[in-house]
Amino acid sequence: MARYYLKAKDLLLAALFLLFIIGPVISMSHKSSNTTEARELAGMPALEFTRDSLRTYPSRFEAFFNDHFGLRGTLLKVNAVFTDKLFATSGSSKVLFGQHDWLFFAAEDELSDMLGQSPMSNDQLQTWARYIKDRGDWLQAQHIPYRFVVSPEKHSIYHDFLPSNVQYAGKPRADAWRAAVNGSPYVVDLQSGLQAQRAVAGDKLYLHTDTHWTSWGAYTGYRQIVQSLGGDYARHALQFAPADFSQRDAGRMRDLQRMAGRAGIEADYQPDLNKLPACREVPTGLLALGTEHADRNALMSFITQSCPGGKGTALVFRDSFVTAMIPYLSQSFARITYVFGEPNDDLFVRMVQQEHPDVVIEERVERYLRVPLQAQLGPALQRLKDPQARGYTTAAFDARQNAYALLTRNGQLKQDSNGRYFESAGQRWGNVVDTPIADAGGRVQTASKFYRDYDGKFLGYQIGGWAVMQHDKVSADYVLVVADGYASFVKPVDQVQADVANRFDSAGAAQSGFSFVLPATLLEKHPCDVQLYALHGRAAAAIDMSALRKQMKVDRGDACAPLAPQAGFYF
């Protein structure tokens, strides 16, 4: 009996050992994002039979395996809880546990910056000074105000809450940067305003468990920006008193908590933003012509807002610190476009050329001052003058300008005794081809729900079809999306549709296909008020959306029923 018992025990141990070895492999995750570490995980590498691919495949596969190892997330959380509870330290090298339960970001050279161990070189400082001066001078020559805004790190304002074992040097790299650009009329440094406001707000300007500031801190920065612009922007700036800021929401887990694996939530300090006039928002946009092969430097997303009572237009290049500022800054402009990322000179000048802004703002958090982009504005401007180097034809440029004349000047769909037309900045932009044909400008052929890969969030409907001006039998230049009577955004018509060319017996209709996501945010209130138009030159023609309406009815029972609000569509 004892022998059988020992044999069963050995088999059980062997089975447990095998389960321990192969279990994590069986349970490997293929998700592309990780909420614990707040970063994109390595994807499964493609194996190609080339020298470079074969040489790098082992390291690429190792990165994938390490990121997707089974139970990895669970083990990370266990480690985080263990180190937090037992040693009162962070389980992540990216997070410091400060005093009074404050958390600080320690990655991306932040810890060395706190210790004064990562100074900037003279070459870097000179490049930054030239970078800002070149852009500011170029825009000033066009009578466009330019502001380069620096958002302070949390430890720059609250260094006294750092861990007691971190001796803050008091000489962050940003101070050397400030000295290099001192006196520049284009720089708006938010540090002094936030330090002064701390005397009133106390510890409420930055989130204790996040890398970012609170809505109160963002408002303080917003006030400095519009005051620097002067004129109507300063006179009509939003005004809130300290008593207006309170923790109005239930709170949520913040980024440093996720990184450190520490449970809990934190609420923001904000005023009653519902009292502000509602702005129309479109979470999409187009990169400028000719940038398909340029270094895009992680330009990730677009948000365009149009607000009643605002003045002029603005183009804002930003990082995540501007997110909390958007509710305030948008109110100052009739139209404002936010581009998430750091534009090199080619992208910068081409986006300005496309958007025709009245104001340009470029924002960086202090940590992103470490390495400046190359200051090469002159060569970028020269490339615009060279038809071969600029990367687009004059016809393509004219078509983009025609479309953006609607978008940047509050284009509206109107009607008079002569029929429907579009108006831009109070002027007639062009007519809509009125015809009994339902698909005078094209047809939506496919429509399906579109979800974000890593978390399954519903983002809208992926639609595809063709756009042809049937009267002339030529492909449209763009598909215009109209919501509540206003021009919202355009998408290019650039896909080959041989069947459409055959249908119209016209080679000019060959490149008539389109495909894009119709954002859920446009379908929240009145989805049946969303319309599509084919644009060619200064003419427009309606696109038949029956396929989309039919699919929405299948999905929701009523194609015209409002969608649930899609908060946080993009960053």
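In this predicted model, the search for enclosed space gives a count of four cavities of 30 Å³ or more. The largest cavity among them has a volume of about 100 Å³, and its lining comprises 15 residues, with T284, G285, T304, R335 and Y404 lying nearest the centre. The elements that contribute two or more residues to this lining are the strands β10, β12 (335-340) and β21 (486-492), together with the helices α13 (345-355) and α16 (394-407). Of these contributors, β21 gives the most, supplying three residues to the lining of the largest cavity. Sorted by class, the lining consists of seven nonpolar, six polar and two charged residues. With respect to domains, at least three lining residues are drawn from domain 2 (103-203 + 275-385), and at least three likewise from domain 3 (394-556).

Strands β10 and β12, both of which contribute to the lining of the largest cavity, also belong to an open sheet of seven strands, arranged in the order β6-β5-β13-β11-β12-β10-β9 with mixed pairing. The edges of this sheet are formed by β6 (187-189) and β9 (280-282), each of which pairs on one side only, and the twist from one strand to the next averages 20 degrees. At the β9 edge, β9 and β10 (residues 301-306) run antiparallel and are joined by three bridges; within this pairing, E281 has Q305 of β10 as its bridge partner.

Two helices are associated with strands β5, β6 and β13 of the sheet. Helix α5 (residues 122-140) packs on the sheet through contacts with β5 (146-151), β6 and β13 (359-365), and its direction makes about 145 degrees with that of β5. Helix α9 (residues 215-229) lies across β5, β6 and β13 as well, in this case running at about 150 degrees to β6.

A further set of contacts involves L381, which is found in helix α14 (residues 377-385). When residues up to four places away in sequence are not counted, L381 touches W138 and V349, of which W138 falls within the residue range of helix α5 and V349 within that of helix α13. The C-alpha atom of L381 is also separated by 8.5 Å from that of D345, although the two residues are 36 residues apart along the chain; D345 is the residue at which the range of α13 begins, and α13 is itself one of the elements giving two or more residues to the lining of the largest cavity.

Key. Residues numbered from 1 in each chain as written. Predicted model: local features only at pLDDT ≥ 70, side-chain atom pairs only at ≥ 80, totals over all residues. Heavy atoms only, no water. Pairing = 2+ DSSP bridges. Helix = DSSP H or I, 4+ residues; strand = E, 2+ residues; numbered from the N terminus. Axes fitted to C-alpha atoms, helices over the stretch in contact; angles between N-to-C directions. Contact = heavy atoms within 4.5 Å. 1 Å grid on protein atoms, 1.4 Å probe; cavity = no way out; pocket = protein on both sides within 12 Å on 5 of 7 lines; lining within 4 Å. Points joined across faces, edges and corners; volume = space filled by probe spheres on them. Nonpolar A, V, L, I, M, F, W, Y, C, P; charged D, E, K, R; others polar. Domains from an automatic or database assignment.
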